[in-house]
Amino acid sequence: MGNFVGHVYPGLFLVFYGLYQATVVSKAVIFNDSLLYPSCPPKSKGRWASLWKISFGGWAKIAAGILLIVYDVSCVEEGIRLMSREMPPRFMYPKEWQHLTMFALLTLNGCADVMSKNMLPQRCVVLEKGTLVLSFYELLLLLVAHVKDSSGVELQLHCLLILVVFLLMVVLTAELWAPEMIRLWLIETFLVLMMGSWLVQAGFILYKPISGYPWDDDDISDIMFVTTFFCWHVMVNALCLLGIYGFSSFWHHCYSPSLKLMGSKEAPCHESTPGPLYRLLREMEQPEKDDQAPLLPKSSH
């Protein structure tokens, strides 16, 4: 995976996953809804209700992890092996095995999400969060060892990536004790976007520079501009989050009246405690029933 595709594809997956999570968090903020047990759309009944319960994020992690593992193995022409046949034996392809471990962690985390949301009798949030935190602890260790033979521009790129992974690990650890805190979810979403966009940027810097000439490891200006690009990514991803929230807010304020009217006649599709949105809709529906009560004929005693 030490090539352009090996950096861009995982980065694109993280970017799209971060954008998806940004829309989920924006909806929860706008409607003051639950992050762990979000209310489903009003029309989600019957077969659509079962589709709403599917862990799309978990299946996406499983699919991406398996595809990246297959690609990583196919990149080794002679076939990936753990140790050489010569005596004494030596470990082979250390970076490729590190990549395989990272992608295996992604796949296992997706399996934990699917098992918790779709297979267990009751959703186990601790299993989902615990698996995710453990994956990032191991990812941080792998990245620290991954840069042992790096220098110059490549070392600076990976050090900034390690910084993002470390901050994400801290946030995910805090979510073990506060899984419903909006601020932690916002920071997590921002860091996921940062991790993905920076992986894509690293692929272009290392393997396909825009100028057509490779970056110079001995030029201090090139190393300094790596950090400058990282700061630009921080600003762009922050504006991206703000834009998604603004668009979601505009969309829901324009179309929420019709959705609320339809949603007031239907119940949430999940089996957990209804979210604040649907409790609010029921409270709005109750005064309407009270206004209609005097129109009904009184029963004789």
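## A guided tour from L142 to the helix α8 sites

Select L142 first: leaving aside neighbours within four places in sequence, its contacts are Q98, T101 and M102. The model on display is a predicted one. L142 belongs to helix α5, and its relative accessible area of 16% makes it buried, because the cut-off for that term is under 20%. Add H99 to the selection: the C-alpha atoms of L142 and H99 lie 8.7 Å apart in space, although 43 residues separate the two in sequence.

Next, display helix α3, residues 56-74. The 19 residues of α3 should span 27 Å at 1.5 Å a residue, and the C-alpha atoms at its ends are indeed 27 Å apart, so expectation and model agree. Colour the buried residues of α3, which are G57, G58, K61, I62, A64, G65, L68 and D72. The elements that cover these buried residues include α1, α4 and α5.

Remain at K61 and bring in D113. These residues form a salt bridge, with 3.0 Å between the closest N and O atoms. The pair links distant parts of the chain, since D113 sits in helix α4 and K61 in helix α3, 52 residues apart. D113 is buried, at a relative accessible area of 6%; K61 is likewise buried, at 6%.

How many salt bridges does a search of the whole structure find? The search finds two. For the other pair, select E175 and K129, whose closest N and O atoms are 2.7 Å apart. E175 is in helix α6 and K129 in helix α5, so this salt bridge ties together parts that are 46 residues apart in sequence. Both E175 and K129 are buried.

Now turn to the nonpolar interior. The largest nonpolar core contains 46 residues, and F136, M195 and W198 have the most contacts inside it. At least two residues of this core come from each of α1 (4-31), α3 (56-74), α4 (94-119), α5 (125-146), α6 (152-175), α7 (182-207) and α8. Centre the view on W198 and show its surroundings: beyond four places in sequence, W198 is in contact with L157, L160, L161, V226, F229, F230 and H233. A second core, separate from the largest one, has six residues, among them V25, A28, V125 and W185.

The tour continues along helix α8, which covers residues 220-263. Select N237, a residue of this helix. Is N237 buried or exposed? N237 is buried, with a relative accessible area of 7%. Show the side chain of S197 as well: a polar contact of 3.1 Å joins it to the side chain of N237. Not counting residues up to four places away in sequence, N237 touches F190, L193, M194 and S197.

The last stop is S248, also placed in helix α8. S248 is buried, its relative accessible area being 11%. Which backbone oxygen does the side chain of S248 reach? Show the backbone of I244: the side chain of S248 reaches its oxygen at 2.8 Å. Finally, select S26 and I30, with which S248 is in contact when neighbours within four places in sequence are left aside.

Technical notes:
Residues numbered from 1 in each chain as written. Predicted model: local features only at pLDDT ≥ 70, side-chain atom pairs only at ≥ 80, totals over all residues. Heavy atoms only, no water. Helix = DSSP H or I, 4+ residues; strand = E, 2+ residues; numbered from the N terminus. Buried < 20%, exposed > 50% of the residue type's maximum accessible area, 1.4 Å probe, protein only. Polar contact = N/O pair within 3.5 Å; in protein donor to acceptor, adjacent residues only side chain to side chain. Contact = heavy atoms within 4.5 Å. Core = buried A, V, L, I, M, F, W, Y, C linked by side-chain atoms within 4.5 Å. Expected span 1.5 Å × (residues − 1). Salt bridge = Lys/Arg side-chain N within 4 Å of Asp/Glu carboxyl O.
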